[in-house]
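Here's a quick briefing to read alongside the fold. Have the sequence and the 3D view open, and hop between them as you go.

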Amino acid sequence: MSKIHPTAIVDPKAELDSSVEVGAYTLIGAGVKIDAGTRIGPHCVLEGPTTIGRDNQFFQFSSIGAAPQDKKYAGEPTQLIVGDRNVVREFCTFNRGTSQDAGITRVGDDNWIMAYVHLAHDCVVGSRTIFANNAQLAGHVHVGDWAILGGFTVVHQFVHIGAHSMTGMGSILFQDLPPFIMAAGNTAEARSFNLEGLKRRGFTPEQLNAVKQMYRILYRRGLTVDQAKMEMMALQGEHADAHDTIQLMLDFLNTATRGIIR
């Protein structure tokens, strides 16, 4: 028996693995490629060029791979690329990239994306993230692995969100959110560091101690970012087992373009 519902419309130029399931009244356009085990719910619209990996699940009423909401966009052949094992709930909108960036909107693996989430053009989302309902990313936003965005989080264009960070419900970010940091508010401010999340991911006591010290360096000592980076580099010498954890923060601070949240 076919896994494509008889009311679904699949363009002949779309490429679907034989194991892909497509629900009722879903439209899949030319240039869409879907790998094995992925399930597309009813009443979805998928437009290409879009590539979707293995074992994803898209719930009903999502718009995936539509043209970017950018007035400069003139029909260039940009892309959306989605990895493996992602869960995408109802009414999500993922747009393709633009020629003003790499031309690709990219989503990694094992992400849990709840209802009404918007990923604008040229966003880059890592792996194992959680986006609660109505999280909204403007264009060119980057989100690191394991980040958690609370419901109704709104992120300004070009903002970077670091790995293992977390936002509270209703947070609005105009500046970069460093790794490990918990933020909340309008405008979002640093509240603490993501202790419980890091414990659950197997961070060692020495790594947790290093994160705690980095939080104090950034947010409790009145230092400039350059001064804070110098303190963190000294910290690396004191915590050999946490070298990579500290380096993750340093790499983020070295590439931040909008400044970091207060």
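A quick word on terms: helices and strands here are DSSP runs, with a strand needing at least two residues, and they're numbered from the N terminus. Keep in mind that this is a predicted model. With that naming, Pro49 falls in the loop between strand 7 and strand 8 (50–52). Below are the sheet, some strand pairings, a buried threonine, a surface patch and a few backbone oddities.

**The ten-stranded sheet**
- Ten strands make up an open sheet, and they're ordered 3-6-9-12-15-18-21-24-26-27 with mixed pairing.
- Its edges are strand 3 (21–22) and strand 27 (189–193), each of which pairs on one side only.
- Inside that order you'll find strand 21 (residues 148–149) next to strand 24 (residues 166–167), a parallel pair held by two bridges.
- For a landmark in that pair, look at Leu149, which sits opposite Thr167 of strand 24.
- As a reminder, strands of a sheet pair through backbone hydrogen bonds, either parallel or antiparallel.

**Strands 7, 10 and 13**
- Strand 7 (residues 45–46) runs parallel to strand 10 (residues 63–66), and two bridges join them.
- Val45 faces Ser63 of strand 10 here.
- Strand 10 also pairs with strand 13 (residues 93–95), again in the parallel sense, this time over three bridges.
- Which residue of strand 13 is the bridge partner of Ile64? That's Phe94.

**Thr38, tucked away in a loop**
- Thr38 belongs to the loop between strand 5 (32–34) and strand 6 (39–40).
- Is Thr38 buried or exposed? Its relative accessibility is 0%, so Thr38 counts as buried, the cut-off being under 20%.
- The Thr38 side chain gets to within a polar contact of Asp55, reaching its backbone nitrogen at 3.3 Å.
- Leaving aside residues up to four places away in sequence, Thr38 touches Ser19, Val20 and Glu21, plus Ile52, Gly53, Arg54, Asp55, Asn56 and Phe58.

**A nonpolar patch on the surface**
- Ile9, Leu27 and Val45 come together as a nonpolar surface patch, and their combined accessible area is about 230 Å².
- Leu27 is part of strand 4 (residues 27–28).
- The relative accessible area of Leu27 is 38%, so this residue is partly exposed: partly exposed means anything between the 20% and 50% cut-offs.
- Val45 does double duty, as it's in the patch and also stands opposite Ser63 in strand 10.

**Backbone oddities**
- Most residues other than glycine have a negative phi, and most peptide bonds are trans, so the spots below deserve a look.
- Gly48 and Pro49 are joined by a cis peptide bond, with omega at about 5°.
- A cis peptide bond also links Asn186 to Thr187, where omega is about 0°.
- Thr187 lies in the loop between strand 26 (181–184) and strand 27.
- Tyr25 isn't a glycine, yet its phi is positive at about 65°; you'll find Tyr25 in the loop between strand 3 and strand 4.
- Tyr116 also has a positive phi of about 65° without being a glycine.
- Where does Tyr116 sit? Look in the loop between strand 15 (112–113) and strand 16 (118–119).
- With 43% relative accessibility, Tyr116 counts as partly exposed.

Technical notes: Residues numbered from 1 in each chain as written. Predicted model: local features only at pLDDT ≥ 70, side-chain atom pairs only at ≥ 80, totals over all residues. Heavy atoms only, no water. Patch = residues over 30% accessible without salt bridge, like charges linked within 9 Å, V, L, I, M, F, W, Y side chains within 5 Å. Areas by Shrake-Rupley, 256 points an atom, 1.4 Å probe, with all protein chains shown as cover. Salt bridge = Lys/Arg side-chain N within 4 Å of Asp/Glu carboxyl O. Helix = DSSP H or I, 4+ residues; strand = E, 2+ residues; numbered from the N terminus. Buried < 20%, exposed > 50% of the residue type's maximum accessible area, 1.4 Å probe, protein only. Polar contact = N/O pair within 3.5 Å; in protein donor to acceptor, adjacent residues only side chain to side chain. Contact = heavy atoms within 4.5 Å. Pairing = 2+ DSSP bridges.
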